Amino acid sequence: MRIIVTGSNGYLGSNICKYLENNYNLIKPSRAELYDKNYWQSLTNQKSLIIHTAAVTGWRRSEEYDSNLSMLSILMDYCSASGSSILFFSSIHDKGNSAY
């Protein structure tokens, strides 16, 4: 089974990848690929499970919201086109320095 892990460099995504990497074909899109509709169209040849842990965080709430909503919209379009499924995870913790 092909599993696409968004946010694979973050806290949740990196730990999920460690757990799954020996048993599954993992795809870890870069930040730029997350927003690239052509990238997602190139993957529609096969159903996937998306484990979505990526998020834009910071201090500009409206920009974060728009960016995260855009990313999720692209992922949902991919799921619709490919018959894939998505698991959505969320956390306020990040891997680096955090105000939380």
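Here are three short exercises, with worked solutions, on a predicted model.

**Exercise 1.** Work out which residues of helix α4 are buried, and where they sit around the axis.

*Solution.* Start with the extent: α4 covers residues 61–82, 22 residues in total. From first C-alpha to last, α4 reaches 31 Å, close to the 32 Å expected at 1.5 Å a residue. Next, pick out the buried positions: Glu64, Ser67, Met71, Ile74, Leu75, Tyr78, Cys79 and Ser82. They cover an arc of only 140° around the axis, so they end up on the same side of α4. The spacing rule helps here: with 3.6 residues a turn, an α-helix points residues three or four places apart the same way.

**Exercise 2.** Find what α4 packs against, what its other face carries, and what follows the helix.

*Solution.* Take the buried side first: its residues pack against β1 (2–6), α2 (31–34), α3, β3 (49–52) and β4. Now flip to the face turned away, and you'll meet the exposed residues Arg61, Ser62, Tyr65, Asp66, Ser80 and Ala81. Then step off the end: Gly83 follows α4 and has a positive phi, near 75°.

**Exercise 3.** Place Ser85 and Gln41, and say how exposed each is.

*Solution.* Ser85 belongs to strand β4 (residues 85–88). Its relative accessible area is 43%, so Ser85 counts as partly exposed. Leaving out residues up to four places away in sequence, Ser85 touches Ser48, Leu49, Ile50 and Cys79. Cys79 is one of the buried residues of α4. Gln41, for its part, is in helix α3 (residues 37–41). At 55% relative accessible area, Gln41 is exposed. Its C-alpha lies 8.3 Å from that of Ala81, 40 residues apart in sequence.

Definitions and conventions:
Residues numbered from 1 in each chain as written. Predicted model: local features only at pLDDT ≥ 70, side-chain atom pairs only at ≥ 80, totals over all residues. Heavy atoms only, no water. Helix = DSSP H or I, 4+ residues; strand = E, 2+ residues; numbered from the N terminus. Buried < 20%, exposed > 50% of the residue type's maximum accessible area, 1.4 Å probe, protein only. Contact = heavy atoms within 4.5 Å. Expected span 1.5 Å × (residues − 1). Arc of directions from axis to C-beta.
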